[in-house]
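Please work through the exercises below with the sequence and the structure at hand. Each task is followed by a solution that goes step by step.

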Amino acid sequence: MKAALKLLSAAAMVWGLTGLAAAQEYPSREITLMAPYPPGALTDGVARLLQPKIAEHLGGATILIDNKAGAGGALGVGQVARAKPDGYTLVMVVNAPIVMAPSLQASLPYDPRTDLKGIGTIAETYLTLAVHADSPIKSLDDVIRMAKEQPGKLTFGSAGIGSAHHIAGEVLNKNAGIQITHIPFQGGGPAIQNLVGKQLDMSYGTLPTVHNFVESGDLRIIAMAESKRVASHPDVPLINETVPGVETTTWLGFFAPAGTPDDIVAKLNEALNYGLAQPDVQESMARLGLVVRPSTPAELDELVAKDLEFWANAVSTAGIEKQ
Amino acid sequence: MLVNKKDMASGLFFVAAGLLYGGIALSTLPFGSALRMGPGYFPLILSSLMVMLGAIISLRSLKSGPGTAFGVIPWRGLLLILLATVIFAAFIDDLGMVPGLLLTTFIATLASNEVTWQRSLIATLFITIFCTLVFSYAVRLPIPVIGPFFDGLR
Amino acid sequence: MELLSNLFLGFGVAFQPINLLYCFLGVLLGTVVGVLPGLGPLATIAMLLPLTFGLDPTQSLIMLAGIYYGSQYGGSTTAILVNLPGESASAVTTIDGYQMARKGRAGPALAAAALGSFFAGTVATILVAVIAKPLTAIALSFGPAEYFSLMVVGLISSIALASGSLVKALAMICLGLLVGLTGTDIYTGAPRFTFGYFELLDGIDFVALAVGIYGIGEIVRNLEGSESSRAVIAKVGSLWPSKDDLRRMLAPAVRGTAIGSILGVLPGGGALLSSFVAYNVEKKASRNSAEFGHGAIEGVTAPEAANNAGAQTSFVPMLALGIPSNVVMALMIGAMIMQGIVPGPNVVVNNPDLFWGLIASMWIGNAMLVILNLPLIGLWVSLLRVPYWIMFPAIIAFCCIGVYSVSNSAFAVYTVTVAGAIGYLLIKLDCEPAPFVLGFILGPMLEEHLRRAMLISGGDVSIFVTRPISAVLLLVALILLIIVSRPTIAKRRDEVFVDEEG
């Protein structure tokens, strides 16, 4: 037993010494990159796409990806928010747990304003309103007219309670003075599947989820729940153009715990933007349905502050209760 | 009286569990209506059903004969094994793979009532080395080999 | 002819030597990690998945198929040898598989699992190649009403899972349904039965629950006696199934394959039900139904075949609609997306080589598994000879690591502790875990589809009988209910009941 303990402590010391020798320069040991969803989820895909590029730019650092899934990403984000702000625990995440969850969840284990420091924006995507290709609904005007003719009869699918889909749908109900019944699903995929199977009258869906079915002739996009027309779909109108106030944001960001030294944040931002500039990364992002959107750390912090306020308003307009 | 103790106990367990779940559902979850079922609708129906089934099991136990022996409960083994899992959960993030496993496995080995010091040591070391090689080095799980608790040693 | 050219294209891709090598590597790794008791397919795949990310798309998917089959088989192996199911489907395999192992027939049980799966995989591969398109149409015709009615069928047939007291089985199903509801209510966002734990908002982790109930429960039960009196395994008999065994496996394999193939097409939980339904059907249809629960080889073959057939046919709607049939498949689909195969109706048209290559490599993975594992059955069975004083702490360590690594969360390990304590108590009270597990899986789906159907129909209950598929399913459920409660069967149940009590 004693011999074994000696061996172990010796091993621990060797382990420690190798760390000490390189401690002058960041990064001197392995970095844990949190992707707070299961392996293979969109965020995980993006993290694994950027991992080698960021590692390369940081001089061959080791980056381990940690998939701590749960509570819509809030568990993993919470863990990073509480981690030591030394640049060795980072998180890549979609905007929902950062800017939407604070308005929706009563007991969030972090405050995005005070616990997180933005490194840079990664990419964005867009939310569409789609109907089946055989549907008599051709435009948003049709939606509003039919909803007024038979209140409560039409249904719309969403990715779940408190999703951007749900909030957009409820704001549309409110601002247009109509009543379309919300049918929540567990994620955007099942909602779109039910739309293709004609179980729903319409459904919201992110562009990558919907796009394939539009190409195959099963679905039709009638509008976008965005604030600006989407570059790839310039002919698709915005819901905003008919019913003001119905817009959403969907983006991915790269964060460190608040208090991380500025020079480390700057170094990571440089590495991220280096990765985002690579043609193969851009090509893979496009395949995932994402539009690359590099930024400075300050720009991401501003985006978070702006979106927090935006979603708080949208959630209260939609009349969704905090849980 | 010839009471089937196992059935009586399991019946009472189901009644208690049903009352617990039913109570939570009734006090915190809106029932809704058949048209718009609330989050409490399904749980309340299920827990009522469970209380009923539990009651039937208990009542039937009164006349179904003594039943099979309950057998011994290996309290020491049960508690030590549960303790091992708790220790793993509580300390793995801080201790890391090697110290965490040494502790967990050592506690687990003590659960057998035929444990000897030699066996315990051999099993603890063997399992820790095996798991560290497989999970830390071969599969590269994101659990550190030596956790942040030992950072001071560096 | 299109079928042949499709399969030809697929096998052309899959049979390239480098691809065969990756497939072999995948099967080997999947089996070696998956066979460690406590590491089910989910944990195994989650651990090994990142290894495939660096490869090119085709190789990555082929290796993934290998890992998938290897880990599935590894999971069945632990279900049979140490009564530890790694995923919901093998919860059924434990019932008769473990009994076979205790009677010294671990070898034939393992062979039955491998051969049954291989047979099912082969048939389902051909099926997929022949009728890929109509399969997707079936999947789409299932709305919430149909799914609800399907779950009712599953629920009623699950009563047959019980080999002891019927009332206890019903109570266990109820408990499973309730525990399954833990988490955020989909329709209101209200947290239910989370007892204030943030980590429970996504529900209770199935892997942790199964590891607790089966793993901890079994170990503590084994600790009851002294080492020498522990009645674990009879002398290990022949490693190979006898002629008689092979004959008995044939019909269950065919029936299991048929059930799995049909249910696998339904992405909203059909494949999850397939092994349960196959077991129940077999229990009713088999001439040896009295042997079920005591080590019937049919009770291993049928669910393993159904599970595998279901996994194979679920690929079509999964690739066309992007809806995975279970958690393991969800990981697989994620890996595919990363390799540039975005699921969608055009995936067959846009990436024919990948699609058919994948289908073919799934079959090759299955074949390689049989080739690799039949000779190794002796090795796996000899795991049983590892002294128990090393075996049980090792199982505890594997369980902890496996459960932790599914979502890298220590909380899940606490779930093991609680589930272990309660599970052991219930097993002591002669309450079987299988009905509980089925209830746990069905609970959330049953409620989700019921409430969605009511929302869509505007509260009109007649939706369940006016939609033809739903009406037929409910009729099936009714007939099942009548069969289950028929006096003769009830009487036989009582006899079994009295027998066991006596």
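**Exercise 1: the contact between chains C and B**

In this predicted model, 51 residues of chain C are in contact with 62 residues of chain B. Determine which helix gives the most to the side of chain C that touches chain B, and how that side divides by class.

Solution. Begin with the elements that each supply at least two residues of this side of chain C, namely α3 (41-52), α8 (166-180), α9 (206-224), α17 (388-407), α18 (410-428) and α19 (433-457). Of the helices of chain C, α17(C) gives the most, with 10 residues. Then sort the side of chain C that touches chain B by class, which yields 34 nonpolar, 7 polar and 10 charged residues.

**Exercise 2: the largest nonpolar core**

Find which residues have the most contacts inside the largest nonpolar core, and which helix gives the most to this core.

Solution. The core has 312 residues, and those with the most contacts inside it are B:Ile81 and C:Val403. Helix α6 (residues 106-141) of chain C gives the most to this core, with 18 residues. Leaving aside residues up to four places away in sequence, B:Ile81 touches B:Ala108 and B:Ala111, together with C:Ile216, C:Ile219, C:Val220 and C:Ile396.

**Exercise 3: a helix of chain A**

Explain why the buried residues of α6(A) line one face of the helix.

Solution. In α6 (residues 140-149) of chain A, the buried residues include A:Leu140, A:Val143 and A:Ala147. Viewed down the axis of α6(A), its buried residues fall within an arc of 50°, and therefore they line one face of the helix. These buried residues pack against β8 (202-206), β9 (219-224) and α10 (239-242) of chain A, whereas A:Asp141, A:Arg145, A:Lys148 and A:Glu149, on the other side of α6(A), are exposed.

Definitions and conventions: Residues numbered from 1 in each chain as written. Chains lettered and ligands numbered in written order. Predicted model: local features only at pLDDT ≥ 70, side-chain atom pairs only at ≥ 80, totals over all residues. Core = buried A, V, L, I, M, F, W, Y, C linked by C-beta atoms within 7 Å. Buried ≥ 20, exposed ≤ 12 C-beta atoms within 10 Å, placed from the backbone. Helix = DSSP H or I, 4+ residues; strand = E, 2+ residues; numbered from the N terminus. Contact = placed C-beta atoms within 7 Å. Arc of directions from axis to C-beta. Nonpolar A, V, L, I, M, F, W, Y, C, P; charged D, E, K, R; others polar.
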